[in-house]
Amino acid sequence: MARKNRSHSRVSPPTQAVAQIQTAGTSGPCKLTPIAGATHAFQCKAADMPISCSLSSPDGKTEFLGAEVRPAGNMGTVLPGQPTAFSANSFTLNLPAGDYVVIASVGALPSAKPVWLTESCAAATKLDWIAVPVNTSGEFSLKVV
Amino acid sequence: MSVNKLLMFLGILVAILASLCDAKICVAQGIPSGCKYILDLIPPPADPNFKDQVGSFTDIAAHPECFWELASNGAPLTAEALQSAAVQSALAAQKRVNTTQTGSPTGSGGTTSATSKPVTPLSLATEYGGITSSTNAQTITLQAPLDGIPRALATHGIVPYCSSPLVSIANCVHRRALDDLNRIAVGAAMNTAAPSTKSSGAATGSAQGTTQPVSLTSLGNQSPSLASVFTKITILKGQAKLPDPATVNAAPAMAALAALKPYLDGNQDYDDWRFCVLEKLKTASLEDRVSVFKKYYVQAVSVLLQGASVSNDCPVNPSRNAVTVDQATRINQRKNFYSAVESYVAAAELLQANFDNQVNLAAASPVLSFEYDLNTPTSQPTNSTFKLVGSVGWPKPATTAKVNSSSSGASTTPWTLTYNFGASIYNATPASTIPGASVLRDIQCGAELDRNINSSKWPGLLGKIGDTTASLTYYLQYQSSPSILNVTPGSPLPGITITGLSPSAKQVFASKGTINVAQFKYAFGKGTNAKFPIAVTYSNRTELITHPTWGVQFGVTYDLSALMGTGSSK
C-alpha cells in the first residue's frame, strides 16, 4: 500500500550540524565561474585551488555520504586522493588543470527538504540542486585551466 | 504456549511482513510521484533559481530518478541489478550501544541483566546464573525487532527498498513501514540445561566387592523448556540524527551514476529535449506544468531509449551541436542505457537502506519502551511482568570529519543510564491457603549506569581488549505475594531439596519480603558484535531464600543485526 510522506515532527537537526550549516559558504571569494551555455558546468584556475564545496541544507537533515572526481573523458576512473578533505557538510578539492566531473552522494532523513550543492564562498555559488529525498546525488562539471 | 497460539502468532507475523511489500505504484495526477514532487518544487520562471532547478530536473546523468520512474513504468527492479549493487556494497559498521539488550529478561534463571534495556536488536545470547531466582540455570535467548528480517533482506539487495514513498519501485519494502515495525520487538528464552544440573540415582544390583551398578536420571528437564517470551514496544524514540558518513559506503552508487554520463554526452536529441522542457516550463503557468510534463518531459523515454527526436512543436535549441557520436554507437548505447539507469537506482536504494540503518543506530536517547514478559519459570506458577523501560545517554558524542575513510563505528555517548519500573502478576490466582498471596506478585524498579571504556590507550596486550562496558546496577523488588513452588511429593525439584513435605502438598511458598540487588558487570567484546558479559551480584535475599547471597553470572551475546548488515535503533 502506498503511503504518504509524513513529516517527522520530533526530528530536529543536531546542534553541531546546524552550526556547520550556518558557517558553511560564508567566507572567502568565489573561485568557480559558470561556463556559458552549459548547465552545471564551471571553471576555475589551477592557481585558485583548493576549492571547497558545501551542502546548503537549511533544515540540517541532509549530509554528504561521499564525493569523488572523475576525468571527464574517462568516467570509469576515480581520481585518487580527491577530495583532500571530507566531512558531512563539505569537501575540498585540489586539482591540476583538466576537465573533471565531480559527483557527490547525499543521505537525507525522510522529512528533509531539497538542498543545493554550493561552493564554499561568500556568494555560495550554486553548483547543483538536489531534490532530496527523491534525488540522492549531485554532480557538476569542472574545467580547471 | 500451545501450538495453536504459536501458529496464530506466526500467522500475524507473516501478515505484517507481507503488508510491507508495496505492490502499488504511487501516481499523482498521472505523473509518477517522484517526478511530481520535483516538478512542484520548481519556482516560477522569474525566480533566479528557475533555470538551475529545471536544469537539474532534466539532467538525467545526475538525477535519473524521475526518468527511471517513467521508463520503468512500474516494472520492478531486476534481481540482477539488486544483487549487483549488493555485492558492491560493504556492510555498514555497527555501533556499540548501551541501550540494547541482547540477553534474557531479569527474572530468568539464566541472565546477566538486572535491568531491562529499551531496545531489542536481532540477537542471540546464552547466559548462566540467576539474579532474583533462587536457582541458577542456563538460557539461550533469541530476539528480534519486527523489522529485523525485512531490513536485512533490503540491505543485502534481496528485496527492493523504497527509500522514499515518492519514487515508484514495485514490490519494495517500504522505509516508513520498517521504521514503524522497528518499534516492536519479540523474543523468547529457553532453558537449555536443567537448573543446577543435578541427578539422582538408585542402585540396580548387588555390590561386587567395592563396586556397584546404579541407574542415574537427571533431576531437570530432559529437553529445552520455555523460560519466557517477551515483547517490547518503543513508546518514545530518540531524535533522528544524521550518522557519521564514514559508516555508509557511497562508492557503488556514485560509480553507477558516473556510468550514465557517457550515454548522454554528445546526444543532441537529449540536449534538444532538455532545452524543450526548459522553454515549455518557462511559458507555462503553474497549473499547466502537469500538462507540460505529460507532453514533453515524458518524451525523454522515447528520445533516450528509442532514438526518437523531440516533437516538432519544441523550440529549436540554439546551442545545438553537431553529432559527435555515430548512429551505430548510439543504437548500441541505447540498448544498455536502461540497464545502467536501473543499476543506479538499485545502488542508490541499497545505499539508502544502509544509510537508514545508520540513522536508526544514531538515534539519540532518551528512549522509552514498554515491555511485557510472559515468564514460565521451572516448577513455579507462570507470571506476567509489565515494565516501563527508559534510558538516557550523555554527553553527546562529537562528530568527527574523516577523509576518504571506508568504515568506522559511529560514536556513542560515554555514559548511559537505564531505568525500569514494573509490576508482575501471577497468571492464575494463588491458592487462598497461602497467607498474604494475591494476583500481584511483586513491584520492581531498577537503575543501571553504564560507562563505555576504550582500552586502546592501555599498555601492552591490554590495549587489544577493545571497547568494553562497565555497569553498576541497583534493583529493588518488593514481593507483595510469597514466591510459590509447584511440588510433587516424592519427586524432587531440580536444584531444590525440600524435606518433610506433606504427601498432599502441591505447592510450597516462602516468606515474602523485599529483594535488594546490587550488581557490577563488565562486558568484554572486541569489535561490535559479540559481547562477553560477566557479573558479580549481591542480594539480601532471593525469591525463595531469605538470607544474603552472592552470585556470578556470565554469558555470550551476539548482535545478529551486525552480521546481517542491519540494526535496530539505539
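**Exercise 1. Find the loop that holds A:P83, and describe the peptide bond before this residue.**

Step 1. A:P83 sits in the loop between β4 (62–71) and β5 of chain A. Helices (H or I, at least four residues) and strands (E, at least two) are DSSP runs, numbered from the N terminus.

Before going on, a word on what you are viewing. This is a predicted model, in which local features need pLDDT of at least 70 and side-chain atom pairs count only at pLDDT 80 or more, while totals for chains, interfaces and linings use all residues. Residues are numbered from 1 along each chain as its sequence is written, and chains are lettered from A and ligands numbered from 1 in the order in which they are written.

Step 2. Look at the bond from A:Q82 to A:P83: this peptide bond is cis, with omega near -5°.

Step 3. Now try a second case, the bond from A:V132 to A:P133, which is cis with omega near 5°. A:P133 lies in the loop between β9 and β10 (137–144) of chain A.

**Exercise 2. Work out the strand order of the open sheet of five strands in chain A.**

Step 1. Start with the whole chain: chain A has one helix and ten strands. From the N terminus on, its elements run α-β-β-β-β-β-β-β-β-β-β.

Step 2. The order in the sheet is β5-β6-β3-β8-β9 (chain A), with antiparallel pairing. Two strands pair if DSSP finds at least two bridges between them.

Step 3. At the edges are β5 (85–86) and β9 (126–130) of chain A, each of which pairs on one side only.

Step 4. Zoom in on one edge. β5(A) and strand β6 (residues 90–93) of chain A run antiparallel and are joined by two bridges. Here A:F86 stands opposite A:F91 in β6(A).

**Exercise 3. Compare A:H40 with A:A124: what is the phi of A:H40, and what is the phi of A:A124?**

Step 1. The phi of A:H40 is near 55°, a positive value in a residue other than glycine. A:A124 is not a glycine, yet has a positive phi of about 50°. As background, most residues other than glycine have a negative phi, and most peptide bonds are trans.

Step 2. Locate both residues. A:H40 belongs to the loop between β1 (33–34) and β2 (41–44) of chain A, and A:A124 to the loop between β8 (115–119) and β9 of chain A.

Step 3. Check their surroundings. A residue is buried if 20 or more other C-beta atoms lie within 10 Å of its own, exposed if 12 or fewer, and partly exposed in between, with C-beta atoms placed from the backbone. A:H40 has 24 other C-beta atoms within 10 Å, so A:H40 is buried. A:A124 has 16 other C-beta atoms within 10 Å, so A:A124 is partly exposed.

**Exercise 4. Which residues touch the most other members of the largest nonpolar core?**

Step 1. A nonpolar core is a set of buried Ala, Val, Leu, Ile, Met, Phe, Trp, Tyr and Cys residues joined through C-beta atoms within 7 Å.

Step 2. The largest such core has 101 residues, and A:V102 and A:V106 touch the most other members. Helix α13 (residues 327–362) of chain B gives the most to this core, with twelve residues.

Step 3. Two residues are in contact if their C-beta atoms, placed from the backbone, lie within 7 Å. Leaving aside neighbours within four places in sequence, A:V102 is in contact with A:A67, A:V69, A:L93, A:E139, A:F140 and A:L142.

**Exercise 5. How are helices α10 and α11 of chain B arranged?**

Step 1. Helix α10 (residues 268–283) of chain B and helix α11 (residues 289–297) of chain B pack at an angle of about 160°, with their axes 10 Å apart. Axes are lines fitted to C-alpha atoms, for helices over the stretch in contact, and angles run from 0 to 180 degrees between N-to-C directions.

Step 2. α10(B) and α11(B) are therefore roughly antiparallel to each other. Angles under 35 degrees count as roughly parallel, over 145 as roughly antiparallel, 65 to 115 as roughly perpendicular and the rest as oblique.

Step 3. To see the contact, find B:C276, B:V277, B:K280 and B:L281 of α10(B) and B:R289, B:V292, B:Y296 and B:Y297 of α11(B).

**Exercise 6. How many of the eight residues of helix α4 (residues 65–72) of chain B are buried?**

Step 1. Seven of the eight are buried, so α4(B) is largely enclosed by the rest of the structure. They are B:E65, B:C66, B:F67, B:W68, B:E69, B:A71 and B:S72.

Step 2. Look just past the helix: α4(B) is followed by B:N73, whose phi is positive, near 50°.
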